[in-house]
Amino acid sequence: MTLEEYHTLRQTPVPGGHLYTKPGARGLADPAYELLARYLEPHGEDALDLNPGVGLVTHALHRLGLAVQAIETSRASLRCLEASFGNLLRVTRGLPWETEPASVDLVAMVLPANRGTQYVELSLLGAARALRPGGRLWIAGSKDKGFEHYFKRAQELLGFGLLAGRAGPLRVAVLEKEKPTGELPEVWQSFVWNFRGETLRFAYLPGVFSGGHIDPGSALLLQELPAAPGHVLDIGGGYGALSRPLQARAQSLTLLEDDWPSVLSARRNLGEGAVVLHSDVDEALTPSHTFTTIIANPPFHVGGLVVLETAAAFVEAAYARLERGGNFYLVANRFLPYEPLLEARFATVRTLAVDSHKVLLAHKG
Ligand code: SAH
């Protein structure tokens with residue numbers, strides 16, 4: 001897939017209409033979304049979709065005649081939502097727990113189970129806060145990914161709930177808000193990491209990749225980076241695990257990240273000295289923007305599925321954004337087949353280090 005193909009939105013038929021979708025965006029052909037969209041019943045006037053992805057459930061709520069707001073964190077998904085719904089409804093970039101209190105009659109959410117317990121529980125709290133008294137929460141998820149636990153948690157927060165549907169391991173439940181909702185807890189966390197004698201503090205929000213510790217792959221990559229990397233681009237930079245240690249020796253630092261909580265975390269860690277963009281791969285860069293060194297620890301899970309599409313787009317973007325003579329440093333799990341992707345593009349590809357991960361260096365001639 002070329003970079004242009006990766007960035008192209010496609011119209012896809014869904015029951016009762018069309019939705020835009022693209023590689024790297026969540027929530028289409030996803031049975032949890034399909035099940036929730038199928039079982040939803042209207043209630044009141046105002047609805048909120050707290051984990052819309054490309055908007056299958058949003059679309060169902062809209063068709064039921066509700067005034068819908070969709071709050072999404074992923075830039076890839078936001079691009080699709082904006083294209084699909086434009087002026088029809090409110091598409092907002094935001095954190096699922098930062099909802100406007102007592103503002104809607106219905107909240108729908110596919111449980112974001114792959115983002116960890118804390119993220120899901122805060123999302124439930126955001127849902128509970130957003131509901132008016134008597135409002136309803138619809139959730140969907142898999143019993144293999146904690147559905148029972150989250151359903152119980154939602155009942156503690158809201159009140160009465162019942163199972164509304166099932167398909168295989170998937171469940172849909174609806175709850176009614178009978179209880180007042182508590183305050184939001186402090187969501188920011190931090191940890192320190194020693195890198196070459198320097199103590200670095202990292203702040204992070206729930207749900208980010210490798211919160212609380214530096215990923216072993218990222219640590220291995222940091223060992224291999226040059227002393228004078230020049231103008232650096234960090235693709236899929238997370239909360240800044242790779243960029244922060246480089247800050248003192250890079251001429252400039254640009255970090256691209258699809259996930260909004262990660263963007264906010266990276267901005268906190270890197271401060272004014274770096275450019276941190278909410279970006280689906282290199283979508284937020286201007287066409288002429290190029291770099292001396294590009295670094296990445298690419299994702300290989302999107303919504304729990306192993307997909308190399310986004311990682312392949314990282315490779316394409318790295319090639320497109322490097323100056324001639326520039327270097328792309330990539331770390332990946334050992335079993336992931338990056339070499340053919342890199343060799344298809346770059347003049348030379350070398351393996352710099354291997355343990356549970358491997359660090360690859362691709363040179364643009
Ligand atoms: N560099 C960080 C994070 C690595 S995990 C570290 O070393 O700790 C991969 C990161 O890629 C995640 O933060 C994920 O949110 C981000 N990502 C996933 N899809 C993306 C996309 N389409 N565009 C940009 N970033 C993306």
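Here is a short chat about the ligand and one helix in a predicted model.

Residues are numbered from 1 along each chain as its sequence is written, and side-chain values use heavy atoms, leaving out hydrogens and water. Because the model is predicted, local features need pLDDT of at least 70 and side-chain atom pairs count only at pLDDT 80 or more, while totals for chains, interfaces and linings use all residues.

Visitor: Which charged side chain has a polar atom 2.5 Å from an oxygen atom of the ligand?
Guide: Let's look for polar contacts, meaning pairs of N or O atoms within 3.5 Å. Asp280 puts a polar side-chain atom 3.0 Å from a ligand nitrogen. The one 2.5 Å from a ligand oxygen belongs to Glu257.

Visitor: How much of the ligand does the protein bury?
Guide: Gly236 joins in too, with a polar backbone atom 3.0 Å from a ligand nitrogen. Taken alone, the ligand exposes 570 Å² (Shrake-Rupley method, 1.4 Å probe). Of that, the protein buries 92%.

Visitor: Why is helix H5 called largely enclosed by the rest of the structure?
Guide: H5, a DSSP run (H or I, at least four residues; numbered from the N terminus), covers residues 117-130. Buried means under 20% relative accessible area with a 1.4 Å probe, counting protein chains only. H5 is largely enclosed because its buried residues number eleven of the 14.

Visitor: Which helices do the buried residues of H5 pack against?
Guide: Those buried residues include Tyr119, Leu122 and Arg129. Contact means heavy atoms within 4.5 Å. Besides strands E3, E6 and E7 (E runs of at least two residues), they pack against helices H6 and H9.

Terms used: Polar contact = N/O pair within 3.5 Å; in protein donor to acceptor, adjacent residues only side chain to side chain. Expected span 1.5 Å × (residues − 1). Buried < 20%, exposed > 50% of the residue type's maximum accessible area, 1.4 Å probe, protein only.
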